[in-house]
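These are my notebook entries on a single protein chain. I kept each entry to what I looked up and what I found.

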Amino acid sequence: MKQILIIGASGGVGSALATAYAARGDQVTGLSRSVDGLDLTDEASVETHIGRLDGPFDVVIVASGALEIDGAEPEKTIKSIRQKAMMDQFALNAVGPALVLRHAPDLLPRDGRGVFAVLSARVGSIGDNKIGGWISYRSAKAALNQIIRTGAIELARSHKHSICVALHPGTVRTPFTEKYLARHPAVEASAAAENIARVIDGLGAEDTGEFFDWAGSPVPW
């Protein structure tokens with residue numbers, strides 16, 4: 001039985017991940033804003049909730065995030081950039097996971113395999129950006145990818161068997177994406193969770209600091 005920690009466990013993908021791991025017989029610990037009051041945009045809240053946990057965990061997944069915050073839709077053009085909307089994206093989608101990552105040395109086993117994974121997005125890839133748009137969301141996810149890359153380097157110095165990665169779950173059929181499904185094929189949250197778990201299962205120490213999609217294929221930075 002593995003110990004699994006899921007941040008954002010009440011969301012569409014987060015709850016599906018909790019169900020998938022529990023079905024395997026693993027012990028799942030979940031934290032979320034709606035159930036537990038964990039606010040990733042509040043440093044004190046992160047410190048309080050993460051500080052109460054009893055680790056280590058074999059797998060830590062940060063599944064929190066949002067495409068729209070306070071009704072601000074993804075920008076179609078740079079003319080639509082607004083300071084508050086962009087700052088809100090960075091606070092939740094980049095800084096929030098970074099605040100959790102700060103605790104990774106205490107959350108993961110020091111002498112055995114441990115995985116710290118965050119749900120990123122292919123649109124956060126600079127190399128894969130061919131159509132533009134969605135500037136704030138793209139930029140926040142690109143920042144998240146850099147945070148994971150940098151964190152993986154430092155974590156490897158003290159936790160040689162740990163793996164720190166960014167994962168793209170694909171377009172998942174949840175309230176998070178419901179306004180955009182007409183443009184992209186989507187999978188159910190349960191299928192996305194199984195895909196993510198399978199990718200995590202297959203990761204080795206040599207994969208730390210990398211960015212993978214739902215099928216385990218590398219995504220360009």
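The entries below go from the whole chain to its empty spaces and then to single residues.

**Entry 1: the whole chain**

I noted at the outset that this is a predicted model. I then looked up the secondary structure, which comes to seven helices and eight strands. The radius of gyration of the chain is 16 Å, close to the 17 Å that the globule rule gives for 221 residues, so I recorded the chain as being as compact as a globular protein of that length. Along the principal axes, the C-alpha atoms fill a box of roughly 50 × 35 × 30 Å.

I next looked up burial and surface. Buried residues account for 48% of the 221 residues. The chain exposes about 10,700 Å², and carbon and sulfur atoms supply 53% of that area. I also looked up how contacts are spread along the sequence: among those between residues at least 6 apart, 69% join residues at least 24 apart.

**Entry 2: the cavity**

Rolling a probe the size of a water molecule over the atoms shows where empty space is left. How many cavities of 30 Å³ or more does a search of the whole structure find? I found one, and the volume of this largest cavity is about 70 Å³.

I listed its lining as Leu67, Ile69, Ala72, Glu73, Pro74, Glu75, Ala85, Asp88, Gln89, Ser136 and Tyr137. By type, the lining divides into six nonpolar, two polar and three charged residues. Helix H4 (83-101) and H6 each supply at least two of the lining residues, and H4 gives the largest share, with three residues.

**Entry 3: the second largest pocket**

I looked up the second largest pocket and recorded a volume of about 180 Å³. Which helix gives the largest share of its lining? The answer is H6, with six residues. Helix H5 (104-107) and helix H6 (135-158) each supply at least two residues of this lining. Among the lining residues are Leu101, Arg102, Pro105, Ile147, Glu154 and Ser158. The lining divides into five nonpolar, three polar and two charged residues.

**Entry 4: His159**

I found His159 in the loop between H6 and strand E5 (162-168). Is His159 buried or exposed? Its relative accessibility is 1%, so it counts as buried, the cut-off being under 20%. Leaving aside neighbours within four places in sequence, I recorded contacts of His159 with Pro105, Leu108, Pro109 and Arg110. Pro105 also appears in the lining of the second largest pocket.

**Entry 5: backbone exceptions**

Most residues other than glycine have a negative phi, and most peptide bonds are trans. I looked up departures from this pattern. A cis peptide bond joins Gly55 and Pro56, with omega about 0°. Pro56 is in the loop between H3 and strand E3 (59-62).

Asp70 is not a glycine, yet it has a positive phi of about 55°. I placed Asp70 in the loop between E3 and H4. At 69% relative accessibility, Asp70 counts as exposed. Trp134, likewise not a glycine, has a positive phi of about 55°, and it lies in the loop between strand E4 (114-119) and H6.

**Entry 6: Asp42**

I looked up Asp42 last and found it in the loop between helix H2 (33-36) and helix H3 (43-51). Asp42 is partly exposed, with a relative accessible area of 35%. Asp42 and Leu99 are 57 residues apart along the chain, and their C-alpha atoms are separated by 9.2 Å.

Notes. Residues are numbered from 1 along each chain as its sequence is written. This is a predicted model: local features need pLDDT of at least 70, side-chain atom pairs count only at pLDDT 80 or more; totals for chains, interfaces and linings use all residues. Side-chain values use heavy atoms; hydrogens and water are left out. On a 1 Å grid over the protein atoms alone, a cavity is a set of points where a 1.4 Å probe fits but cannot get out, and a pocket is an open set with protein on both sides within 12 Å along at least five of seven lines; lining residues have an atom within 4 Å of a point. Grid points are joined across faces, edges and corners, and a volume is the space filled by probe spheres set on the points. Helices (H or I, at least four residues) and strands (E, at least two) are DSSP runs, numbered from the N terminus. Ala, Val, Leu, Ile, Met, Phe, Trp, Tyr, Cys and Pro count as nonpolar, Asp, Glu, Lys and Arg as charged, and the others, Gly among them, as polar. Buried means under 20% relative accessible area, exposed over 50%, partly exposed in between (1.4 Å probe, protein chains only). The radius of gyration is taken over C-alpha atoms; the globule rule is 2.2 Å times the number of residues to the power 0.38. Contact means heavy atoms within 4.5 Å. Accessible areas come from the Shrake-Rupley method with a 1.4 Å probe; for residues, only the protein chains shown count as cover.
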